[in-house]
Amino acid sequence: MTSQKLQHFLNKNLRDLKTKGLYNEIDTVEGANGPVITINGKELINLSSNNYLGLATDERLKEEAIQAVKSHGVGAGAVRTINGTLDLHNELERKLAEFKGTEAAISYQSGFNCNMAAISAVMDKNDAILSDELNHASIIDGCRLSRAKIIRFNHSDMDDLRAKAKEAVESGQYNKIMVITDGVFSMDGDVAKLPEIVEIAEEFDLMTYVDDAHGSGVLGKGAGTVKHFGLQDKVDFQMGTLSKAIGVIGGYVAGKQNLIDWLKVRSRPFLFSTAVTPADAKATIKAIDLIMESEELQQNMWENSEYLKNGLKKLGYDIGNSETPITPVIIGDENTTQQFSKRLIEEGVYAKSIVFPTVPRGTGRVRNMPTAAHTKEMLDQAIAVYEKIGKELNIL
Ligand SMILES: *Cc1c(COP(=O)(O)O)cnc(C)c1O
């Protein structure tokens with residue numbers, strides 16, 4: 001017999017979400033997540049992936065993955081601390097440290113998992129964490145799990161951060177204090193003010209933790225936001241994901257050897273959950289090699305982003321102040337935004353709406369993620385659809 005309480009809970013809450021229009025129907029991509037995708041049998045120009053460099057479908061990565069399956073099998077066989085640390089995992093971690101310019105690195109199964117792991121391995125209930133109000137959900141959950149006091153500061157507001165850091169230090173209540181931020185904020189594409197954050201951290205002896213999920217492979221010749229500002233020696237935790245520009249799956253922290261040693265004995269998802277597969281590890285190593293060897297993919301990505309941004313701006317759209325390929329088209333009203341995205345998809349452009357509560361009320365937008373893999377023809381086609389729908393809905 002199934003639980004009546006559970007049935008009641010599920011039926012009531014699902015019905016509520018559906019009547020409020022908040023129930024998210026998930027689309028299925030039939031085949032690979034490339035620059036053009038197929039959904040419900042229809043081909044669409046894909047402006048919604050995080051596959052910045054097109055590596056998710058790169059032939060060279062696929063070949064590495066296939067070879068890794070042949071040499072190492074499809075699974076690691078055990079958690080890292082029993083005997084699931086394969087030579088490939090160590091090679092991956094050495095590669096990540098080289099990529100990030102740090103002494104060492106630790107790999108996790110995902111970026112989300114990494115934030116759950118690393119923050120709580122270092123912070124506890126006697127500590128405080130200064131967290132940008134727009135930080136990613138995985139940072140928020142990682143902070144909560146640590147049971148440290150979470151002190152939110154206004155988005156990229158350095159006066160607010162300084163004031164709150166000062167107050168936290170002077171209160172004498174906390175053992176350790178950390179400041180944590182996204183490197184690139186995913187909704188607007190703005191970059192964290194890391195030089196100021198590091199300066200404030202030095203002034204108040206704060207630990208620094210940068211989640212560079214959207215910055216790695218994109219900024220700093222691919223090495224990320226920290227490298228972009230030349231701060232590799234000043235940021236304690238360089239965290240990132242391997243699922244966005246890197247194109248595969250996994251997360252990591254790069255930092256000093258003793259930090260990584262500690263995370264390897266104290267972070268629970270590392271200790272109690274099996275690591276990425278051999279194919280993941282090998283494909284990731286290849287991706288990082290490609291990024292370090294040549295800037296070709298990044299150049300394509302930046303060129304395509306500029307091209308799309310200029311096209312949309314010329315039409316008269318408000319595309320915000322993004323400093324990265326992330327290109328919001330800010331519509332404003334929630335209903336219009338949703339209608340707009342629906343029409344784009346019907347006309348062959350897959351770009352999703354993002355509305356309150358993910359972004360502030362009245363700033364509903366359609367977010368575009370141009371990648372290195374798009375062609376000019378695809379972008380021209382997308383811009384033409386943007387023009388048509390903008391006029392149709394009286395936005396232009
Ligand atoms: C996407 C993202 C993550 C999660 O990464 P996954 O590898 O997909 O789990 C974490 N932090 C930020 C800022 C992200 O954008």
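## Exercises: where two domains meet

In this predicted model, the chain splits into domain 1 (20-49 + 295-392) and domain 2 (59-293). Let's work through how they meet.

**Exercise 1.** Find how far apart the C-alpha centres of domain 1 and domain 2 lie, and how many residues of each are in contact.

*Solution.* Start with the centres: those of the two domains are 28 Å apart. Next, look at the contacts, taking heavy atoms within 4.5 Å as the cut-off. Domain 1 brings 18 residues into contact with 16 residues of domain 2.

**Exercise 2.** Work out what area domain 1 and domain 2 bury between them, and what share of it is on carbon and sulfur atoms.

*Solution.* An interface's size is often given as the accessible area lost when the parts come together. Here, the two domains bury about 1,300 Å² between them. Of that area, 56% is on carbon and sulfur atoms.

**Exercise 3.** Count the salt bridges across the interface of domain 1 and domain 2, then the residue pairs in polar contact.

*Solution.* Begin with the salt bridges: the rule finds two across this interface. Lys-221 and Glu-295 also deserve a look, since their side chains meet in a salt bridge at 4.0 Å, N to O. Then turn to polar contacts: eight residue pairs are found across the interface, with both residues at pLDDT 80 or more.

**Exercise 4.** Say which elements give two or more residues to the side of domain 1 that touches domain 2, and sort that side by class.

*Solution.* The elements are α13 (296-315) and β13 (364-368). Of the elements, α13 gives the most, with four residues. By class, this side of domain 1 has nine nonpolar, five polar and four charged residues.

Conventions. Residues numbered from 1 in each chain as written. Predicted model: local features only at pLDDT ≥ 70, side-chain atom pairs only at ≥ 80, totals over all residues. Heavy atoms only, no water. Domains from an automatic or database assignment. Buried area = accessible area lost by both parts, 1.4 Å probe. Polar contact = N/O pair within 3.5 Å; in protein donor to acceptor, adjacent residues only side chain to side chain. Nonpolar A, V, L, I, M, F, W, Y, C, P; charged D, E, K, R; others polar.
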